[in-house]
Amino acid sequence: MREQHQLRDDSPERSILARLILPEQTVEADPLEELYGLATTAGTEVVDELMQRLTRPNHGTFLGKGKVEELRLMVERHDADVVIFDNDLNPAQVRNLEKAIDAKVIDRTELILDIFAAGARTYEARLAIELAQLEYSLPRLKRMWTHLSRQAMGVGMRGPGEKQLEVDRRLAQKRIHDLKEELSKVERRREQQVEARKEAPTVSLVGYTNAGKSTLMNALTAANVHAADKLFATLDTRTRRWQLPGWGTVLLSDTVGFIRDLPHSLVASFKSTLEETRQADLLLHVADASSPTVFEQISAVYRVLEELQIEEKDTLLVLNKIDAIKSSAVLNRVLDRYPNAIPVSAKSNTGLVPLIEAVGEALGREFFDLEVDVAPSDGKLLAYLAAKGEVLSRKYGEEMVTIHVRVPAGAMGPVHRDAVAIRHMDERPAKAKDDQATDDEASSISIDLPSVPLSDSSSEVA
C-alpha cells in the first residue's frame with residue numbers, strides 16, 4: 001500500500017482507487033500501480049485504495065455489498081471527491097455506486113479520456129479526443145449537453161414537448177457525425193502529405209506510455225522535444241530528420257503511447273494521428289526494461305498494433321531505462337525471453353551505437369548502393385543525390401561525373417529519369433542512356449534492381 005496523504009482545503013480532488021479482480025485476469029505485483037499513475041497524471045491526490053476478488057461483477061453495483069459499504073466509509077473518512085475504478089463500468093453501475101457512497105465515480109476509460117483531453121494540443125488531437133469522449137458519453141448522458149439546446153433546430157425537428165434527454169442525444173449524435181467528417185478530411189490531408197514525401201525511409205517509435213520514446217528521440221536526433229516522466233506526455237505525432245550514419249537522412253517519428261486496455265474509441269479516433277506508424281518502414285518498439293510489468297506492457301503494445309493491423313511490420317524491440325535497473329538479473333530475465341532486443345538508456349546515451357547499427361541493418365534493404373553517371377551540366381541531379389542520399393565518393397571526368405552513393409528506394413524516381421547510367425555495385429554496368437533508349441524513351445530507363453516498396457512519411461517535419 002502506498003503512503004496516503006491528508007490534503008489541505010486548497011488541494012486537488014481527493015481520489016480513492018478501486019479495482020475488481022476477476023479470476024481470468026493476470027494480476028501484477030502491485031495491481032493498482034498503473035491506476036495510481038493515471039490518477040496522479042489527471043491531477044488528483046490518491047488518499048486510499050480498495051480491491052476485491054469476485055467470480056463475476058455485481059450486476060447493480062459492480063462490487064459486492066460489503067465492499068460498497070467499506071468504500072462509503074472510506075469516502076466519508078477521507079472526505080474524498082471521486083472514486084476511480086480500474087475497470088469499465090456500465091451507466092447503471094455508476095449511478096448506483098454514486099448514490100450509495102455519495103461521491104463521484106469514474107471508470108478507467110473515462111479517466112484516460114480525461115487525461116487525453118487535458119494533454120491535447122493540436123487541432124487534430126482535440127478533434128479525436130472530443131469524438132472519443134462523445135462516443136463514450138452518449139449512453140451516459142445526464143443533461144451534459146443542455147447548453148447546446150440553444151442552437152437553432154432545422155426543418156422537421158420536434159417541438160418543445162420533446163424530452164430534454166432526447167434532444168441531448170440527437171445533438172451529440174449530430175456532433176459525432178460532424179467530427180467524423182472533419183477527421184476524414186484530416187486523414188485525406190495526411191495521405192497527401194505521405195504521397196508528397198517519399199524521399200527518405202521512416203522509422204516510428206512505438207511503445208507503452210512513459211517508456212521513454214521522446215527521450216530516445218532527443219538522444220538520437222537532438223530534437224529537444226518535450227519529454228516528461230508521466231503517462232501520456234505525448235499525444236501528437238512529432239517527426240524529425242535523423243542523420244543515420246552510413247545511410248543519410250531518415251525520418252524518425254514519435255507519437256502517442258499505448259496502455260493496457262486502451263479504449264477502442266481512442267484507437268479509432270487517433271487513426272489519422274497513428275498513420276505515421278502505419279506507414280513507417282521500421283518500428284522501434286520502446287519498452288521500459290526497469291518496469292516489473294515489462295512483459296505485460298510489451299504484450300499490450302502488440303495488441304494495439306494488431307488492432308491497427310500493423311503487427312507484422314518489421315520491428316526492433318528496444319529495452320530502455322537500463323540505467324534504472326539495480327540487478328543484471330532483471331535485464332537478463334527480459335533478454336532471455338527477447339534475445340534480439342537492444343538494451344539502451346536514452347537518458348545516459350548508453351547502447352545507442354548498437355541501436356543505430358541495428359536500425360541501419362534493418363533499413364538496408366530499403367537502400368540501393370549505386371554508382372551513378374551524371375552529366376557535369378546536370379547540377380540539379382548532382383544536388384539531389386547529395387541531399388537525398390549519402391555520397392561516398394565522386395570521380396570527375398571530362399564528359400561524366402561518377403557518384404558512388406547510397407540512395408533510399410523512395411528517392412529513385414529522379415535518378416531513373418535523369419542519370420546517364422546506373423550501376424548496382426554488385427552487378428554489371430547498365431548501358432548508357434544514349435545506347436539504351438531513344439530521346440523519347442529516356443525518361444523511363446529500366447535497370448535490374450531488387451523490388452523494394454517506396455517508403456512513406458506523414459506529419460510535419462522539423
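This note walks through some features of a predicted model, point by point.

1. **The sheet.** A good place to start is the open sheet of 6 strands, which has the order E6-E7-E5-E8-E9-E10 and mixed pairing. Its edge strands are E6 and E10, each of which pairs on one side only. As general background, strands of a sheet pair through backbone hydrogen bonds, either parallel or antiparallel.

2. **Strand E7 and its two partners.** Once you have found the sheet, look at E7, residues 248-254. With strand E6 (residues 238-244), E7 runs antiparallel, and 7 bridges join the two. With strand E5 (residues 202-207), E7 runs parallel, and here there are 4 bridges. Leu252 is a handy residue to click on: this E7 residue is the bridge partner of Arg240, and Leu252 is also the bridge partner of Val203.

3. **How enclosed is E7?** How many of the 7 residues of strand E7 are buried? The count is 7 of the 7, so the strand is largely enclosed by the rest of the structure. Buried here refers to a relative accessible area under 20%.

4. **The hairpin.** E6 and E7 form a hairpin, with 3 residues between them. In the turn, Gly246 has a positive phi of about 85 degrees.

5. **Further along the sheet.** E5 also pairs with strand E8 (residues 282-288), in the parallel sense and over 5 bridges. To see this pairing in the model, find Ser204, whose bridge partner in E8 is Leu283. Helix H10 lies across E5, E8 and strand E9 (315-320). The angle at which H10 runs to E8 is about 150 degrees.

6. **The largest nonpolar core.** In general, nonpolar side chains tend to be buried together in soluble globular proteins. The largest nonpolar core in this model has 36 residues, and those touching the most other members are Leu17, Ile84, Leu111, Phe258, Leu262, Leu266 and Leu308. Two or more residues each come from helix H1 (33-41), strand E3 (82-85), helix H4 (108-119), helix H5 (123-137), helix H8 (264-269) and helix H10 (294-307). H4 gives the largest share of this core, 5 residues.

7. **Leu308 and a separate core.** Leaving out residues up to four places away in sequence, Leu308 touches Phe258, Val267, Leu274 and Arg278. Apart from the largest core lies another, of 28 residues, which includes Leu205, Leu284, Leu316 and Val318.

8. **Two packed helices.** Helix H7 (residues 213-221) and helix H12 pack with their axes 12 Å apart, at an angle of about 85 degrees. Because 65 to 115 degrees counts as roughly perpendicular, H7 is described as roughly perpendicular to H12. Where they meet, H7 brings Leu216, Ala219 and Leu220, while H12 brings Leu352, Leu355 and Ile356.

9. **Thr350, in a loop.** Thr350 lies between strand E10 (342-343) and helix H12 (352-363), in the loop that links them. Is this residue buried, partly exposed or exposed? Thr350 is partly exposed, as its relative accessible area is 39%. Its side chain has a polar contact of 2.8 Å with the side chain of Ser348. Beyond its neighbours within four places in sequence, Thr350 is in contact with Ile322, Pro343, Val344 and Ser345. Asn320 is 30 residues from Thr350 in sequence, with 9.5 Å between their C-alpha atoms.

10. **Val94, in a helix.** Val94 sits in helix H3 (residues 91-101). Its relative accessibility is 11%, so Val94 counts as buried. When neighbours within four places in sequence are set aside, Val94 is in contact with Leu89 and Val105. Gly60 is 34 residues away along the chain, and the C-alpha atoms of Val94 and Gly60 are separated by 8.9 Å.

11. **Arg19, in a strand.** Which strand holds Arg19? Arg19 belongs to E1, residues 14-21. Arg19 counts as buried because its relative accessibility is 3%. Its side chain reaches the backbone oxygen of Pro31 at 2.8 Å. Not counting residues up to four places away in sequence, Arg19 touches several others, among them Gln25, Glu28, Leu32, Leu50, Met51, Asp86 and Asn87.

Terms used
Residues numbered from 1 in each chain as written. Predicted model: local features only at pLDDT ≥ 70, side-chain atom pairs only at ≥ 80, totals over all residues. Heavy atoms only, no water. Buried < 20%, exposed > 50% of the residue type's maximum accessible area, 1.4 Å probe, protein only. Contact = heavy atoms within 4.5 Å. Polar contact = N/O pair within 3.5 Å; in protein donor to acceptor, adjacent residues only side chain to side chain. Pairing = 2+ DSSP bridges. Core = buried A, V, L, I, M, F, W, Y, C linked by side-chain atoms within 4.5 Å. Axes fitted to C-alpha atoms, helices over the stretch in contact; angles between N-to-C directions. Parallel < 35°, antiparallel > 145°, perpendicular 65-115°, else oblique.
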